[in-house]
Amino acid sequence: MTEAPAQLGDLIGPVIRDLARRSNHDVTRWLHQVDRLRGCTDPIRLTGESATLNGTTGEVLNAYTTHDEPHGQLLVRCGNRRASRCPACAETYRQDTFHLIRAGLLGGDKGVPEIVRTHPRVLATLTAPSFGPVHRGPDKDGTANVCHARRTGPSCFTRHHLGDPTIGQPLDADSYDYTAHILWNAHAAALWHRFTVYLRQHLAAATGLTRKEFARVSRLSFAKVAEYQARGVVHFHAVIRLDGRDGDTLTTPPTWATLDLLTTTIHSAAQAVRLPAPQTGHPLTWGTIDVRPIQTAGPGTLSEAAVAGYIAKYATKAAETSGTLDRRVTHRDLTRLHTHGVTDHAARLIRTAWDLGNPETHPDLAPLRLRQWAHMLGFRGHFSTKSRAYSTTLTALRRVRVEYREAQELQRLPYDPTSTLVLAHWKYAGQGFTPGESALAATVNGEGRA
Ligand SMILES: [Zn+2]
Ligand SMILES: [Zn+2]
């Protein structure tokens with residue numbers, strides 16, 4: 001193809017002319033900003049100023065304003081978690097999540113003591129029940145089985161291999177329970193919360209302790225991610241750890257706190273969860289529950305690093321893996337979802353969420369804000385959450401990185417940063433590159449062909 005470089009040039013030419021309108025300094029400065037974005041493709045544009053003052057005398061030591069920047073704006077990383085939006089920022093998020101989960105399993109880092117390696121720890125996967133048969137993909141070990149061999153009712157004798165687009169689509173869309181599916185997603189976070197309450201109660205009951213005594217000597221901690229199955233329903237992967245405690249100090253758990261007890265009570269607590277469902281009349285429950293121990297070492301065991309990698313991978317995905325949109329749905333979208341590449345099944349789920357979100361016909365469902373979350377097929381919870389005791393936080397990891405960068409910059413300053421005061425005022429001025437800028441930025445980042 002000989003056309004591509006010419007098109008790139010057509011785009012870049014005006015951008016450079018625009019940037020160099022005032023001086024060549026702007027081109028250099030813009031390139032410097034792009035370099036600091038470290039590959040972010042959807043940067044946030046800020047306008048404003050900051051001033052560094054002497055803390056005692058009030059003397060202005062350093063002043064910065066975006067007025068002197070190209071276009072009068074400063075570009076900062078978007079920080080988006082989703083790989084479909086910004087691969088570079090999603091990668092940073094994935095790495096942070098990996099370190100956070102790993103720290104909670106290995107200890108010895110980020111404020112978590114090493115003894116956690118000896119505590120009962122599992123990877124639990126909690127899944128929704130069936131809302132109607134869907135085409136089945138291969139097993140965990142990669143074996144493609146016959147989909148649904150049935151004499152009566154909907155059947156399918158195909159062996160679906162990985163990547164087959166029919167996987168997750170209903171065998172019979174007309175009998176599939178779309179309403180129950182949307183309502184389940186909309187209550188997924190509430191189902192999870194109820195599960196954690198029951199798990200503490202079941203553990204306390206199994207050991208003969210009151211809930212208060214149980215909370216005094218032990219602590220459960222969780223780190224979980226939400227993932228969409230191909231059928232468009234959310235499920236949760238969670239690292240669950242049972243620690244001992246002495247006040248705020250994490251200690252070796254009491255002798256009753258075994259891996260077996262943790263595994264049994266996770267099953268019983270999840271099976272006991274029942275939330276009243278509006279509309280359908282059937283209570284909302286969990287479906288399949290899978291609990292696997294996390295081991296320190298040994299062949300064939302589920303290792304700490306494997307679990308951290310697994311959880312981190314899912315943290316950068318959203319609903320788009322189940323064939324839906326990766327942005328909010330508008331009224332105009334509803335009739336032409338297929339033109340956006342939305343599958344028939346996802347389109348029907350989106351329309352069901354939209355209809356159930358009508359405040360005139362379903363005032364009781366208004367708190368679920370189903371129209372706002374139609375593109376997420378009803379789920380409005382957080383993708384990755386963890387309890388306070390699990391390990392460090394993403395905010396803490398980000399602060400370490402910002403402080404490191406600031407320390408590097410401060411080393412070049414001619415004054416003592418500990419005795420100064422920074423006043424800043426920023427305003428959001430927009431997001432993203434212009435088409436020409438993004439072509440130029442891609443070239444700077446070594447992705448362009450020109
Ligand atoms: Zn970004
Ligand atoms: Zn099938």
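Cys86 is buried, as is Cys89. In this predicted model, both residues belong to the site of the zinc ion (ligand 1), whose protein donors are the SG atoms of Cys40, Cys78, Cys86 and Cys89, lying 2.3 Å from the metal. The angles among the four donor atoms run from 105 to 111°, and the site is tetrahedral. Along the sequence, the donor residues of this ion follow the spacing C-x37-C-x7-C-x2-C.

The zinc ion (ligand 2) is held by a mixed set of donors: ND1 of His135, SG of Cys147, SG of Cys156 and NE2 of His160, at 2.0 to 2.4 Å. The arrangement around the zinc ion (ligand 2) is tetrahedral because its four donor atoms subtend angles of 108 to 111°. For reference, the ideal angle for four tetrahedral donors is 109.5 degrees. The donor residues of the zinc ion (ligand 2) are spaced H-x11-C-x8-C-x3-H in sequence. The cysteine donors of this site, Cys147 and Cys156, are both buried.

The protein chain as a whole contains 11 helices and 13 strands. Of its 450 residues, 44% are buried. Among contacts between residues at least 6 apart in sequence, 70% join residues at least 24 apart.

The largest nonpolar core comprises 65 residues, and those with the most contacts inside it are Trp184, Phe195, Leu199, Ile240, Ile266 and Trp286. At least two residues of this core are supplied by each of the following elements: strands S4 (121-126), S7 (218-228), S8 (234-246) and S10 (289-295), together with helices H4 (178-186), H5 (188-207), H7 (259-272) and H9 (344-356). Helix H5 provides the largest share of the core, with eight residues. Once neighbours within four places in sequence are left aside, Phe195 is in contact with Leu126, Ile240, Ile266, Ala269, Ala270, Val273 and Trp286. Another core, of 15 residues, lies apart from the largest one and has Tyr93, Ile101, Val225 and Val239 among its members.

Aromatic side chains were examined next. The structure holds 10 aromatic pairs. One of them, formed by Phe236 and Trp286, is edge-to-face, with 6.1 Å from centre to centre and 70° between the planes. This pair links distant parts of the chain, since Phe236 lies in strand S8 and Trp286 in the loop between H7 and S10, 50 residues apart. Phe236 counts as buried because its relative accessibility is 1%, under the 20% cut-off. Trp286, with a relative accessible area of 7%, is therefore buried by that cut-off too. Both residues belong to one aromatic cluster, which is formed by Trp184, Trp192, Phe195, Phe222, Tyr228, Phe236, Trp286 and Phe379.

Charged groups are also placed over aromatic rings. The charged end of Lys224 sits over the ring of Phe236, at 5.0 Å from the ring centre. For Arg328, the charged end sits over the ring of Trp373, with 4.8 Å to the ring centre.

Leu106 is found in helix H3, which covers residues 87-106. Its relative accessibility of 17% falls under 20%, so Leu106 counts as buried. Not counting residues up to four places away in sequence, Leu106 touches Glu114, Val116, Arg117 and Glu304. The C-alpha atoms of Leu106 and Thr118 are separated by 9.3 Å, the two residues being 12 apart along the chain.

Backbone geometry calls for comment at two arginine residues. Arg38 has a phi near 45°, a positive value in a residue other than glycine. Arg38 lies in the loop between helix H2 (24-36) and strand S1 (44-54). With a relative accessibility of 40%, between the cut-offs of 20% and 50%, Arg38 therefore counts as partly exposed. Arg369, likewise not a glycine, has a positive phi of about 45°. The position of Arg369 is in the loop between H9 and strand S12 (384-386). Arg369 counts as partly exposed because its relative accessibility is 41%.

How values were computed
Residues are numbered from 1 along each chain as its sequence is written. Chains are lettered from A and ligands numbered from 1 in the order in which they are written. This is a predicted model: local features need pLDDT of at least 70, side-chain atom pairs count only at pLDDT 80 or more; totals for chains, interfaces and linings use all residues. Side-chain values use heavy atoms; hydrogens and water are left out. A nonpolar core is a set of buried Ala, Val, Leu, Ile, Met, Phe, Trp, Tyr and Cys residues joined through side-chain atoms within 4.5 Å. Buried means under 20% relative accessible area, exposed over 50%, partly exposed in between (1.4 Å probe, protein chains only). Helices (H or I, at least four residues) and strands (E, at least two) are DSSP runs, numbered from the N terminus. Contact means heavy atoms within 4.5 Å. Donors are N, O and S atoms within 2.8 Å of the metal (3.2 Å for Na, K and Ca); water is not among the atoms, so sites may look incomplete. Four donors count as tetrahedral if all angles lie between 85 and 135 degrees; four count as square planar and six as octahedral if opposite donors are over 155 degrees apart and all others between 65 and 115; anything else is irregular. Rings of Phe, Tyr and Trp (its six-membered ring) pair if their centres lie within 6.5 Å; planes under 30 degrees apart count as stacked, over 60 as edge-to-face and the rest as tilted. A charge sits over a ring if NZ of Lys or CZ of Arg is within 6 Å of the ring centre and within 35 degrees of the ring normal.
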